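Please open the structure in your viewer and keep a selection panel at hand. The stops below each begin with something to select and then say what can be found there.

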Amino acid sequence: MTFRKATQKDAVRCLEIYDAVSDWEVINGRQTCWERGFYPTMETVQTALASGDLYVLEDEIDGKTVIVASGKINFEQPEYYKNFDWKTSAPDNEILVLHTFGVHPELQRRGYGQAFMAHYEKLARSLGCKVLRLDTVSSNQKSQAMYKKLGFWETGRWEGDPNGVGCALIFVGLEKNAD
Ligand SMILES: CC(C)(COP(=O)(O)OP(=O)(O)OC[C@H]1O[C@@H](n2cnc3c(N)ncnc32)[C@H](O)[C@@H]1OP(=O)(O)O)[C@@H](O)C(=O)NCCC(=O)NCCS
């Protein structure tokens, strides 16, 4: 398995993963707040590529190298993070944040999610970060199960519509120390 920064060549595959998650949820029930054509979009992917924040995990599957997961990692905490009760305080440049993270639905439950998270933690340590922060929506039971299994603790819930989707969602803050 390889964890690396995404390049322009990976853009289509990254969007394919996000769209596959959205499509899977239309049939199987909503977990995320993702919706094909609305969020995440190619603009989401391109913005993350331009800022050098997009990462992928790839693996050999049936003799082919395949990107199995994609996520954005940076130091940007959304405005609504102020509503969570973070336990570990640190300067912004020591808090590494994961956003827009997904494993292709056809490849889920094979350990790729945990593998990506292990690389995220390793990256945080290599950058001298003290803490990992992320959020999910309360309906996302799969991701909450994974984050809690990996040692993240909940820092609160906040209801709002930060992305202007027209309805409020409950966001769950999650945190873990990087050391
Ligand atoms: C959440 C997600 C990243 C997990 O990826 P994955 O590759 O399936 O994860 P893993 O195989 O490493 O499993 C890790 C743990 O996640 C939890 N988990 C994963 N799928 C689950 C499911 N269907 N039901 C309950 N728990 C689940 C379990 O705790 C699992 O550990 P276990 O297999 O030992 O029980 C994946 O389901 C996903 O991409 N979902 C859609 C996008 C998303 O929700 N992203 C996160 C946004 S915050």
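Select T32 together with E25, and the side chains of these two residues will be seen to be joined by a polar contact of 2.8 Å. This is a predicted model, as is every distance and angle on this tour. Keeping T32 selected, add W34, whose backbone nitrogen is 3.0 Å from a polar atom of the T32 side chain. T32 belongs to the loop between α1 and α2, and T32 counts as buried because its relative accessible area, 13%, falls under the 20% cut-off.

Stay in that loop and move the selection to P40, which is also placed between α1 and α2. The peptide bond to examine is the one that joins Y39 and P40, which is cis, with omega at about -10 degrees. As background for this stop, most peptide bonds are trans.

Next, select R13, a residue of helix α1, which runs over residues 11–28. Is R13 buried or exposed? With a relative accessible area of 18%, R13 is buried. Adding I67 to the selection shows a polar atom of the R13 side chain at 2.8 Å from the backbone oxygen of I67.

The following stop is S51, in the loop that connects α2 (42–50) with β2 (54–61). Two partners should be shown with S51: D53, whose side chain is joined to that of S51 by a polar contact of 3.0 Å, and A48, whose backbone oxygen is reached by the S51 side chain at 3.3 Å. S51 itself is partly exposed, its relative accessible area being 41%. If K72 is selected as well, a distance between C-alpha atoms can be drawn from S51 to K72, and this comes to 9.8 Å for a pair that is 21 residues apart along the chain.

From there, turn to the backbone angles and select D62, which lies in the loop between β2 and β3 (64–74). Although D62 is not a glycine, its phi is positive, at about 50 degrees. For comparison, most residues other than glycine have a negative phi. D62 counts as exposed because its relative accessibility of 79% is over the 50% cut-off.

A second residue to select for its phi is T100, which is found in strand β4. Phi of T100 is near 45 degrees, again a positive value in a residue other than glycine. T100 counts as buried, at 11% relative accessibility.

Between these strands, select F75, which sits in the loop between β3 and β4. At 36% relative accessibility, F75 counts as partly exposed. Showing P91 alongside F75 gives another pair to set against the sequence, since the two are 16 residues apart in the chain while their C-alpha atoms are 10 Å apart in space.

Now select the ligand and the residues that surround it, of which there are 21, the closest being F101, V103, R109, N140 and K149. The space that the ligand takes is the largest pocket. Which elements give two or more residues to the shell around the ligand? They are β4 (95–103), α3 (112–126), β5 (131–137) and α4 (141–149). Of these, it is α4 that provides the largest share of the shell, with six residues. Colouring the shell by residue class separates it into seven nonpolar, nine polar and five charged residues.

With the shell still displayed, the polar atoms of the ligand can be followed one partner at a time. Select N140, and an N or O atom in its side chain will be found 2.7 Å from an oxygen atom of the ligand. Select G111 next, where a backbone N or O atom lies 2.8 Å from an oxygen atom of the ligand. Then select R110, where a polar backbone atom is 3.2 Å from an oxygen atom of the ligand. To close the tour, show the surface of the ligand, which has 910 Å² of accessible area on its own, and of this the protein covers 80%.

Note on methods:
Residues are numbered from 1 along each chain as its sequence is written. This is a predicted model: local features need pLDDT of at least 70, side-chain atom pairs count only at pLDDT 80 or more; totals for chains, interfaces and linings use all residues. Side-chain values use heavy atoms; hydrogens and water are left out. A residue is near a molecule or strand if one of its heavy atoms lies within 4 Å of it. A polar contact is a pair of N or O atoms within 3.5 Å; within protein, one must be able to donate a hydrogen and the other to accept it, and residues adjacent in sequence count only if both atoms are side-chain atoms. Accessible areas come from the Shrake-Rupley method with a 1.4 Å probe; for residues, only the protein chains shown count as cover. On a 1 Å grid over the protein atoms alone, a cavity is a set of points where a 1.4 Å probe fits but cannot get out, and a pocket is an open set with protein on both sides within 12 Å along at least five of seven lines; lining residues have an atom within 4 Å of a point. A molecule sits in a cavity or pocket if more than half of its atoms lie within 2 Å of its grid points. Helices (H or I, at least four residues) and strands (E, at least two) are DSSP runs, numbered from the N terminus. Ala, Val, Leu, Ile, Met, Phe, Trp, Tyr, Cys and Pro count as nonpolar, Asp, Glu, Lys and Arg as charged, and the others, Gly among them, as polar. Buried means under 20% relative accessible area, exposed over 50%, partly exposed in between (1.4 Å probe, protein chains only).
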